[in-house]
Structure formats: structure tokens, C-alpha cells
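This short report looks at how one helix and one strand are set among their neighbours. Please keep the sequence and the model in view while reading.

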Amino acid sequence: MRRKIVAGNWKMNKTVPEAVELSRRFRELFEADHLEVDVVLCPPFVHLVPVREVIEGSRIALGAQNLHWEERGAFTGEISAEMLLSSGCRFVIVGHSERRQYFGETDEVVNRKVRRALMSGLTPIVCVGETLDERKAGRTESVVERQVRGAFAGMGRDEIARTVIAYEPVWAIGTGVNATPEQAQEVQRFIRQLIEELAGRDVAAGLRIQYGGSVTPANARDLMSQPDVDGALVGGASLKADSFYEIVRAASLAS
Ligand code: PEP
């Protein structure tokens, strides 16, 4: 049985005081229950340390939204895996569609970042997903397959086993139009089959695959009740403590 994992991607939102307040309120709600769900908060870089101070000693984990593939050096404006680790991160989102779309991240860049994260002991949350045009053209599986193979190229089964995948159809991100539970299940089963091919049956059976794209308290339980949907990567709805908490609760009810 795979334990559900719900991550909040705050993107480029909130000031530091707002981030502290949001994480403080979420911790309060989360600690009132004993939900058997893994939870990760992924605030912007400058919020990591203040948010870590709020969630320290709780079961809430910290994640970043990006990292650089090199260990250190002359890369102005970038951030390293070691910096993230020393800020308290255990997770890092890699290959989010906004990084691919606005910052030119290719499958090769994603691969380098996944390697660096793993080498440093961070768990990468590897994002894949098709655009609306690609879906309409019947290319969903081929696009997702290229992204998954690209992200894990040259890696062994032990490395793949230490990742989380997020299936995020680009047309569902921030649009209010979520994939139906059946659409999510269809692609996520396909991803699991692909992982079985790359890393074997045991790794595929244990690997957690999140769904992301307009997840709300209203649709979360149905989505996460699907057999291959092991949690959610949540953007907009993670910016309010109550709605994020409701999604985490839905994950525990769907378990
Ligand atoms: C995301 O950015 O990862 C995301 C899923 O956003 P939203 O929940 O707002 O669609």
C-alpha cells in the first residue's frame, strides 16, 4: 500500500510574514488530526528557513520548487542542492511545466536536476504532462513517455525508486479545469507501466505518482481514490491553509 503524499507548490506567491502565517495555520489544522498522509510545503526560496522554523518538530516536510544541477559555482541567481538541504528541505520539485515553458527546461536539464537532487539526498518530485494541443492530437502518452524516459535516462532502479512523479496535464494547471479521475488514472497507470519497464515491478509498485492540476477540496477525494493516484501536487489551493488541509484530509479518506 502506497502512502499518499500531498505537496503544496506556492509558486511565486506570499511575502515572508504571509508565508509564516500560512504555515503556522496549516500546522495547527494538521496537528489537530493524525492523518496518515505525507505532506510537503514548497514555498519560494527566501521563505524556506522561516517556514522551516514554523514546521520544525511536526510531520510536515519542506520542499523547494527548483534547484541547479551543478554543485556550486558561478551561476548567479541559482540555488544548489546543498543550500536546499541546509535550509531544511527534503524534497524538490523538478521539471514543473512552468519551468519548461518559461525557462526553457528540456528533458536533458530535468535529467541533470533529478540526478543532482538524488546525489544530494533530496527527493525529486518529477513533473510530467501534456499540453492541450498534444492531448487533442492524441499524443498524451508519447509526450509523457518522452518526459519520463528523459528524466530518468541513465539511472538505475535504486535511483528511480527514490523519486516521486507528478502527472500534471498542462491544460489543467491553474485553469480550474481538472483532469477527470478517469483521465488521471489512465495516464498514471501508463506511467507506472513505463516505470515497470525501466526499473522493474517492485519499484513500479512502490513509486508514488501524484496528480496535479486544479485540485480542490471538492475534487481531491475522487481523484485520489483512483488506484494509481497516490496524492496531489497542489498550486492555487495550497495558498489557503483551510483548503490545503481539506485536500490533505481528502487524501487520508481516499487511502
Ligand atoms: C501546480 O502548479 O503544480 C498546480 C497543480 O497548480 P494548480 O493546482 O493551481 O492547478
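In what sense, and over how many bridges, do S7 and strand S8 (residues 231–234) pair? In this predicted model, S7 and S8 run in the parallel sense and are joined over two bridges, with Tyr 211 standing opposite Ala 232 in S8. Strand S6 (residues 164–167) also pairs with S7 in the parallel sense, here over four bridges, and Ile 165 stands opposite Ile 209 in S7. The two pairings are set out below.

| Strands | Sense | Bridges | Opposite residues |
|---|---|---|---|
| S6 and S7 | parallel | four bridges | Ile 165 and Ile 209 |
| S7 and S8 | parallel | two bridges | Tyr 211 and Ala 232 |

Strand S7 itself (residues 208–212) is mostly covered, five of its five residues being buried. In a regular strand the side chains alternate between the two faces of the sheet. For S7, Arg 208, Gln 210 and Gly 212 lie on one side, Ile 209 and Tyr 211 lie on the other, and as these are all buried, both faces are covered.

Helix H2 (residues 48–55) has as its buried residues Leu 48, Pro 50, Val 51, Val 54 and Ile 55. Viewed down the axis of H2, these buried residues fall within an arc of 165 degrees, and they therefore line one face of the helix. An α-helix has 3.6 residues a turn, so residues three or four places apart point the same way. The cover over the buried residues of H2 includes helix H1 (16–32) and helix H3 (81–86), together with strand S2 (38–42) and strand S3 (60–64). After H2 comes Gly 57, which has a positive phi near 85 degrees.

Methods:
Residues numbered from 1 in each chain as written. Predicted model: local features only at pLDDT ≥ 70, side-chain atom pairs only at ≥ 80, totals over all residues. Heavy atoms only, no water. Buried < 20%, exposed > 50% of the residue type's maximum accessible area, 1.4 Å probe, protein only. Arc of directions from axis to C-beta. Contact = heavy atoms within 4.5 Å. Pairing = 2+ DSSP bridges.
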